[in-house]
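Colleague: I am new to this structure and would like a close look at one part of it. Please start from a single residue and work outward to the chain.

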Amino acid sequence: MRATMVALAVVAALGLAGCGEQSQEMVQKTGKYQGKPDTVPWDSPQFGGKQAEWERAIQARTQNQNEYSRIQ
């Protein structure tokens, strides 16, 4: 009987622990961007900010994935 009461108390305590959830809504501040600033894909150490070089690399990768051009 005592073990049943202890088990019931543990289950009740664990059940009530989930009720303490805090609100996760973000407070908006007008005029300020609060997120991480976006970067362009070519702004990386590999391409050094050169957009044309990045576009050439994308085109080459696309052609390597093209099955029709690979079999010819």
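Modeller: What follows starts at one alanine and then widens to the helices and the chain. This is a predicted model, in which local features need pLDDT of at least 70, side-chain atom pairs count only at pLDDT 80 or more, and totals for chains, interfaces and linings use all residues. Residues are numbered from 1 along each chain as its sequence is written, and side-chain values use heavy atoms, with hydrogens and water left out.

Alanine 57 sits in helix α2, residues 51-65 (helices are DSSP runs of H or I with at least four residues, strands are runs of E with at least two, and both are numbered from the N terminus). The relative accessible area of alanine 57 is 33%, so this residue is partly exposed (buried is under 20%, exposed over 50%, partly exposed in between, with a 1.4 Å probe and protein chains only). Between the C-alpha atoms of alanine 57 and phenylalanine 47, ten residues apart along the chain, the separation is 9.4 Å.

Confidence in the chain is highest in α2, at a mean of 92, and lowest in helix α3 (residues 67-71), at 75; pLDDT is the predictor's confidence in each residue, from 0 to 100. Across the chain the mean pLDDT is 83, and 96% of residues reach 70 or more.

Helix α1, residues 2-17, reaches 23 Å from its first C-alpha to its last, close to the expected 22 Å (1.5 Å times one less than its number of residues). Of the 16 residues of α1, zero are buried, so this helix lies largely in the open. In the chain, buried residues make up 3% of the 72.

The chain has three helices and zero strands. Its radius of gyration is 28 Å, well over the 11 Å that the globule rule gives for 72 residues, so the chain is more spread out than a compact globule (the radius is taken over C-alpha atoms, and the rule is 2.2 Å times the number of residues to the power 0.38).
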